[in-house]
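Hi,

Here is the model I promised you. Have a look at it first, and my notes on what turned up are underneath.

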Number of protein chains: 4
Amino acid sequence: MITAGIIGGAGYTAGELLRILLRHPEVKIDFIFSTSQAGSPISSIHQDLLGETDIHFSGNINRDVEVVFLCLGHGNSIEFLNKNPFSATTKVIDLSTDYRMNSEDHSFVYGLPEFRKEEIKKAQFIANPGCFATAISLAILPLAGEKLLQDELHINAVTGATGAGTSLSATTHFTWRDNNFSAYKEFEHQHLNEIGQSVKVLQPEHTSEINFIPNRGNFSRGIFATSYTRFSGTIEDAKKIYKEYYKDAAFTFVVDEEIHLKQVVNTNKCLINLKKLNNNLLITSAIDNLLKGASGQAVQNMNLMFGLAEDTGLRLKANYF
Amino acid sequence: MITAGIIGGAGYTAGELLRILLRHPEVKIDFIFSTSQAGSPISSIHQDLLGETDIHFSGNINRDVEVVFLCLGHGNSIEFLNKNPFSATTKVIDLSTDYRMNSEDHSFVYGLPEFRKEEIKKAQFIANPGCFATAISLAILPLAGEKLLQDELHINAVTGATGAGTSLSATTHFTWRDNNFSAYKEFEHQHLNEIGQSVKVLQPEHTSEINFIPNRGNFSRGIFATSYTRFSGTIEDAKKIYKEYYKDAAFTFVVDEEIHLKQVVNTNKCLINLKKLNNNLLITSAIDNLLKGASGQAVQNMNLMFGLAEDTGLRLKANYF
Amino acid sequence: MITAGIIGGAGYTAGELLRILLRHPEVKIDFIFSTSQAGSPISSIHQDLLGETDIHFSGNINRDVEVVFLCLGHGNSIEFLNKNPFSATTKVIDLSTDYRMNSEDHSFVYGLPEFRKEEIKKAQFIANPGCFATAISLAILPLAGEKLLQDELHINAVTGATGAGTSLSATTHFTWRDNNFSAYKEFEHQHLNEIGQSVKVLQPEHTSEINFIPNRGNFSRGIFATSYTRFSGTIEDAKKIYKEYYKDAAFTFVVDEEIHLKQVVNTNKCLINLKKLNNNLLITSAIDNLLKGASGQAVQNMNLMFGLAEDTGLRLKANYF
Amino acid sequence: MITAGIIGGAGYTAGELLRILLRHPEVKIDFIFSTSQAGSPISSIHQDLLGETDIHFSGNINRDVEVVFLCLGHGNSIEFLNKNPFSATTKVIDLSTDYRMNSEDHSFVYGLPEFRKEEIKKAQFIANPGCFATAISLAILPLAGEKLLQDELHINAVTGATGAGTSLSATTHFTWRDNNFSAYKEFEHQHLNEIGQSVKVLQPEHTSEINFIPNRGNFSRGIFATSYTRFSGTIEDAKKIYKEYYKDAAFTFVVDEEIHLKQVVNTNKCLINLKKLNNNLLITSAIDNLLKGASGQAVQNMNLMFGLAEDTGLRLKANYF
């Protein structure tokens, strides 16, 4: 059994990690570190776990665990690792933005398995991608992989309220969000950095703008994205490229049917649909922001790092309704 | 034009008052007092009013307004009035719990028009009823009025998230409340006091328990209540009693059809449906908690106090969908 | 009092018309024609009207009413008017798509008051705009009016379930739509025709594509749209253009604050916010699809046609929560 | 591997069965019989399964499967089994109401594991309980088991829209149900029969009324129930009785914390909370109507019948958000 630790156990991504790892056949949770909750049962925060487990949050860290997941606020992982070094062999999977941009200062691998599977298998340190970045990268990287991006990208995506984190805020108050819709950080969302970085790896000469409008939806989980760009080929060309790109993907499927968000909610899947319209290729993609967009992908990375089948512990039943 | 002031302008009930009074043909809003928002346009908080009005929150109170509405937190109205006396003729409508229980210490009239219309017309001070208290009192007072309560009452009601106020809390976080349901304060809700007081006025000898379970629904507005108690008469007897009781009511209608919540949302109406089942009379009632359960009823009381038609400014279009 | 008839009274737009006209101070509803519901009270379908009115659906048409609203399915208005001629002076407001495209075959005026106010005042026949067309036209016509469209338009909009009509369908089943999101008719929505027609009137030389992706949101009412296109001016230039264009608009407001959908739900308003980002002007617009996008706008047109104040009967209280 | 067949594969309960059985380590799905869908991939109906399976609906039945699940409309199972006899050893689990009432005409065991575990282990034919019946029986059977029911029971429960089945109906249209609430079949719900039957088994002398008001909630999945009745003991007495009754239950947990619906959605769990208030014991219970209330419980029964660990294939990750 792989011993695992979780740092920062009270948030959404930590909760989803817990839900997955408690059912993972090859993992034993060693500790869940939370300064604010130390000593409390994890079911006091993640209340669906009542009756399932007696694990408690801990104020202590075991530096010799085989894998540690960092579920800290963005900006806090670097500081945490500096203050709390792990053993030389502990694998680290960071769910924050801290190590997503390549740099000479660190050796974290960008943990998008469809893009970096071989590097992930050999990595000790993983920077787990952002949720929007996952949904959008999976939509556009196959084109970049064939150097077929030839113009601007136009992307619109909507995320559920869990995307805003557990803190209470005006836009996550039920009375505000219920039956509401709004856009935010238009053209300026922080995930554009990691998306652009991955595009550049595959098609360095692409310099056109990636226009991205994020939206707040009145649902709890999931990201639904539409991306389009000029494309000279046929729809058959496009499907061939995408199906080839994802032929070994464990969770990303290119489907002929139109898709909708709830097909993927509570799963680690990404569904992708393609349409050729006017001179554009329209790519629709959908993920669960907390799973394929965060904790599910983190476990997928762990599975790859430890040589397990990629879907171990991740064949999750969709909620669907 | 009646000059009106609002004390505590940033909450839900103040917002609804504003929406109504801005369209009320006989009212001129004199000031909206808010210490936290003084100087800001009211549309900075009540953002649907953008484009409709330039009124600003004020840090000053005009003690000579003809009517003042107190939209303060429960417990704060008494203190506020002590520190801020109004003119000898200013009518006061308090939306908090502070003056709802009759007492020798004050002369506030309980402002449920279906129950106390004549007193309200002559009153200077009104204690506006609670939202659950309104929905439930309207369901059971006709029975008490005929001294037909003969056993325990069994009441279950569900309220929307606006019932919990504007403050952010765990149970009003969208991710918690969306698609969720829960009960709270079972048998112990504070509105039982005012309900019991009104029952006692009509049927002093009734001493059986009023059992009330409030619930949190995953919607924003409205209260839907089912109340039942032993009843020896026929359904025709019951309908006759209720239709007689509400024959002059401006907003409360006894209907033969089964009812659902959205029939009354965004209106000042109360719909009531009756069924005789086994030996029980089942009374189903529905209101908008912020209108008939708060600000709409406050304006209805104001209309009565100033001799206006009871529905002036209150013929609101239901949202319905 | 203006006598009004409604043809096809059982759908959403007819229901909203009824809700407005019943409260309109200058209108008397003469008949509500419905073959399927003739003889039933309108409150049997529009159940929020219980207690408010005793009007019944009628199987007869009064051809001498002063104004008639056609709330028929798309494609049925032409046939209906052919079979059922009205008096020579009856004004006709058609809510379907049938007469929206200009043609030598008819003399209907496109009823977007912000665009055609003077023609509407003099018109006898009005083609009421589509809901998406209203939200999008109001976002882009000020640019076209200054001949400033210089490149493609990129538009993404989301509509509530009422946009799909009252018929039951897979995508309006609660269990499908609740907490779901999806796109449809990408680049091919039928409202592109009327949008394009209006743009061409103002800026005939604009030939670039109008790319529009409609989405199904998991809410009941409203349209929220983001539109962007290349723009060389400053944000101040843009605001000046838009504020000038809408300076006489009764319901369309250009605001400096970011907007969200519920600010306009249950009102006849359109809110517009502008941002300059990269080289693009981003225009965000929001309306209620059943009001400004259908029945509210129809009454606004009626007000203009009869010389009434444009907002008569339309100063609706937002639901907001 | 246990070979399994599903009869009537297009509905909600069949879909949930499929989702569970496809992941069940000891089951091989032999066929999914659907006359309406024969030949189509199951992912054409249960669209979240896209990418996961290529199984198709079949027009043929294999009479030699080891277990068959009947997911037919209520009233159709008896007729189906008469026309389609299975092998002498095939175990049958019927999800309809057809065999839930004990009778000399059949030998189906009522499949509530917490109530009939030993009989289920030995049974060949199982009548799977109704969803409301499960939530309510689990709330009250421990009291009946101790012969402590001494008066009427007062039960209020709310169910999600999946409780109404896949057919489109007025009350499952999104625009009706969204943000709405209503009661139905008050005191007359058909599940009262099976609840009463189980109570009678444990406490035959209990003759007081079981008053039950079902409600339609504006969520998709789950049942939340509050039940109360007169109780002379202390809260400690009650907890002891309930914890003893459920000490071997695989999925039913008596917890000290107040509960809410989403703790159990997408799981096979039932959570129960107890309070003593006035002279009443209040029992709050929550289940997922499609899992513990239908397909999950069916698989739980199958596990018991085949000697598997009761939770095999049923340790489902809650959706929670």
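Chain C and chain A bury about 3400 Å² between them, and 53% of that lies on carbon and sulfur atoms. Keep in mind that this is a predicted model. If you want to know where to look on the chain C side, try Phe181(C), Phe187(C) and Lys262(C): they supply 18% of the area that chain C buries against chain A, more than any other three residues. In terms of contacts, 40 residues of chain C touch 40 residues of chain A.

On the polar side, there are 22 residue pairs in polar contact across the interface of chain C and chain A. The salt bridge count between chain C and chain A is 4. One to click on is Arg230(A) with Glu152(C), whose side chains meet in a salt bridge at 3.3 Å, N to O.

As for which pieces of chain C face chain A, β7 (153–159), α5 (174–177), β8 (182–183), β9 (210–216), β10 (223–230), β12 (270–277) and β13 (280–287) each supply at least two residues of that side. Sorted by class, the side of chain C that touches chain A has 16 nonpolar, 15 polar and 9 charged residues.

Now the symmetry. A turn of 180 degrees with a shift of 0.0 Å along the axis lays chain C on chain A with an RMSD of 0.0 Å. That is the relation of a two-fold axis. The copies also meet through the same surface, because 100% of the interface residues of chain C are interface residues in chain A too.

Cheers

How values were computed: Residues are numbered from 1 along each chain as its sequence is written. Chains are lettered from A and ligands numbered from 1 in the order in which they are written. This is a predicted model: local features need pLDDT of at least 70, side-chain atom pairs count only at pLDDT 80 or more; totals for chains, interfaces and linings use all residues. Side-chain values use heavy atoms; hydrogens and water are left out. Contact means heavy atoms within 4.5 Å. Buried area is the accessible area (1.4 Å probe) that two parts lose on being put together, summed over both. A polar contact is a pair of N or O atoms within 3.5 Å; within protein, one must be able to donate a hydrogen and the other to accept it, and residues adjacent in sequence count only if both atoms are side-chain atoms. Helices (H or I, at least four residues) and strands (E, at least two) are DSSP runs, numbered from the N terminus. Ala, Val, Leu, Ile, Met, Phe, Trp, Tyr, Cys and Pro count as nonpolar, Asp, Glu, Lys and Arg as charged, and the others, Gly among them, as polar. Copies are superposed by least squares on the C-alpha atoms of residues with pLDDT of at least 70 in both.
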